[in-house]
Amino acid sequence: MKPFGTTEIPSWVVIQLLEKCNLRCRMCYEWGETGSYHALAKTATLELETVLRTVRECLPGRPTFEFFGGEPMLYPGIWQVIDLIRSGGCELAFPTNGTLIERHAERLVRSAPTRLWISVDGPAEVNDAQRGAGVFARVMRGMHKLDRVRKAHGSDYPKLGVTYVVTADNYRHVAEFFLDGIDLSMLECVSVELQSYLTRDQVEDYAAFLQRDFGIDATPSAAAYQRDPTSFSGIDVEVLVAQMQKVAAECRRRGILFHSQPGTLTEANLRSYLSADWQAMADRRSRCGVPWLSAEISARGDVTTCHTFYDLTLGNIYEQSLLDIWKGERITQLRKSLREGLMPICTACCRYYGGAGALPAPRA
């Protein structure tokens with residue numbers, strides 16, 4: 001990704017349709033045990049007409065769209081937004097916890113988003129310990145029904161991917177799940193990701209940066225990512241790497257796209273990641289081109305460029321058009337700052353670690 005080449009219309013538009021979710025996954029930085037959304041007095045949902053207006057203004061640039069949540073499939077107007085995006089000739093991908101796919105399989109195939117990223121964290125017992133009782137069975141029923149409906153309609157869409165977020169509780173089950181626990185023939189892509197996280201020092205440095213350069217006094221989104229690296233000490237990195245490499249090899253054999261976070265699957269690299277030794281990582285970067293290419297809209301209408309780090313607000317689509325914000329003073333100020341180097345939070349960004357250049361990194 002080459003930085004410093006701004007497009008007239010964002011090449012990549014991510015829309016957080018709503019903050020609401022029907023699960024409470026333990027490791028989630030939104031609704032998990034330390035998630036930032038527990039402090040909300042009321043969850044937000046984007047107004048449908050505002051979403052449609054924003055999509056329409058971007059369509060001439062044919063960007064790639066993504067949804068985000070919460071759980072995107074809980075959004076009341078999701079089918080109208082999908083239809084508008086796809087009729088405009090644009091690709092659309094979004095993550096989902098998969099619990100609503102069975103109910104909406106027919107509609108998903110008719111509306112044909114490009115790709116669904118379904119979050120699963122291991123075999124049934126392991127997955128449900130993190131995501132809730134009965135979730136695994138619901139997700140598997142949904143995936144199989146969607147696959148049957150696709151075949152009945154002679155359609156390839158939506159293509160299916162699975163996102164597996166590695167934790168100390170499920171890391172021993174990566175190969176078991178992908179090689180024995182799921183029908184890989186249903187899938188176009190697989191992503192196995194270590195948890196994104198920030199150290200206490202990074203959160204504090206980011207808070208100081210936002211206060212100094214942008215006058216922002218609170219950083220709840222970044223704070224939700226804070227983890228002590230010792231919380232990962234129970235992960236046997238040798239075991240984890242061997243499993244991830246097995247899954248990657250099987251995906252290559254089957255022609256399935258494989259993404260990992262981090263992208264370099266060596267013991268040394270994953271040890272560096274889990275110990276917050278960012279400088280030692282093979283995947284380390286000193287620049288990022290995303291703020292020149294990508295716009296992200298929160299469920300409250302706030303616009304930023306950095307995925308899920310919604311503390312830095314560059315404008316609001318209830319007050320300005322997205323394209324005016326895209327060309328505005330505040331985003332210009334951010335880009336100027338990033339020409340000097342990365343922000344303190346950048347090592348926790350899923351866009352930072354590119355393991356599959358053809359795929360935008362999924363988010364569960």
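So, helix 2 and helix 3: how do they lie relative to each other? In this predicted model, helix 2, residues 78–87, packs with helix 3, residues 101–111, at an angle of about 20°. Angles under 35 degrees count as roughly parallel, and therefore that is what we call this pair. Their axes are 10 Å apart.

Let's look at who is touching whom. From helix 2 we have Trp79, Ile82, Asp83 and Arg86, and they meet His104, Arg107, Leu108 and Ser111 of helix 3. Sorted by class, that contact has 3 nonpolar, 2 polar and 3 charged residues.

Now please scroll along to helix 9, residues 237–254. With 18 residues at 1.5 Å a residue, we should get a span of 26 Å, and the end C-alpha atoms are indeed 26 Å apart, so the two agree. At the N-terminal end, Asp236 acts as the cap, with a side-chain oxygen 3.2 Å from the backbone nitrogen of Glu238. After the helix comes Gly255, with a positive phi near 75°.

Which residues of helix 9 are buried? Among them are Val237, Leu240, Val241, Met244 and Val247, and the list also includes Gln243 and Glu250. The buried residues of this helix pack against strands 5, 6 and 7, and against helices 6 and 10.

Strand 6 brings me to my last stop, Ser191, which lies in that strand. Is Ser191 buried or exposed? Its relative accessible area is 0%, so it is buried. The Ser191 side chain makes polar contacts with two other side chains: that of Glu193, at 2.8 Å, and that of His259, at 2.9 Å.

Thanks, everyone!

How values were computed:
Residues are numbered from 1 along each chain as its sequence is written. This is a predicted model: local features need pLDDT of at least 70, side-chain atom pairs count only at pLDDT 80 or more; totals for chains, interfaces and linings use all residues. Side-chain values use heavy atoms; hydrogens and water are left out. Axes are lines fitted to C-alpha atoms, for helices over the stretch in contact, and angles run from 0 to 180 degrees between N-to-C directions. Helices (H or I, at least four residues) and strands (E, at least two) are DSSP runs, numbered from the N terminus. Angles under 35 degrees count as roughly parallel, over 145 as roughly antiparallel, 65 to 115 as roughly perpendicular and the rest as oblique. Contact means heavy atoms within 4.5 Å. Ala, Val, Leu, Ile, Met, Phe, Trp, Tyr, Cys and Pro count as nonpolar, Asp, Glu, Lys and Arg as charged, and the others, Gly among them, as polar. The expected span of a helix is 1.5 Å times one less than its number of residues. Buried means under 20% relative accessible area, exposed over 50%, partly exposed in between (1.4 Å probe, protein chains only). A polar contact is a pair of N or O atoms within 3.5 Å; within protein, one must be able to donate a hydrogen and the other to accept it, and residues adjacent in sequence count only if both atoms are side-chain atoms.
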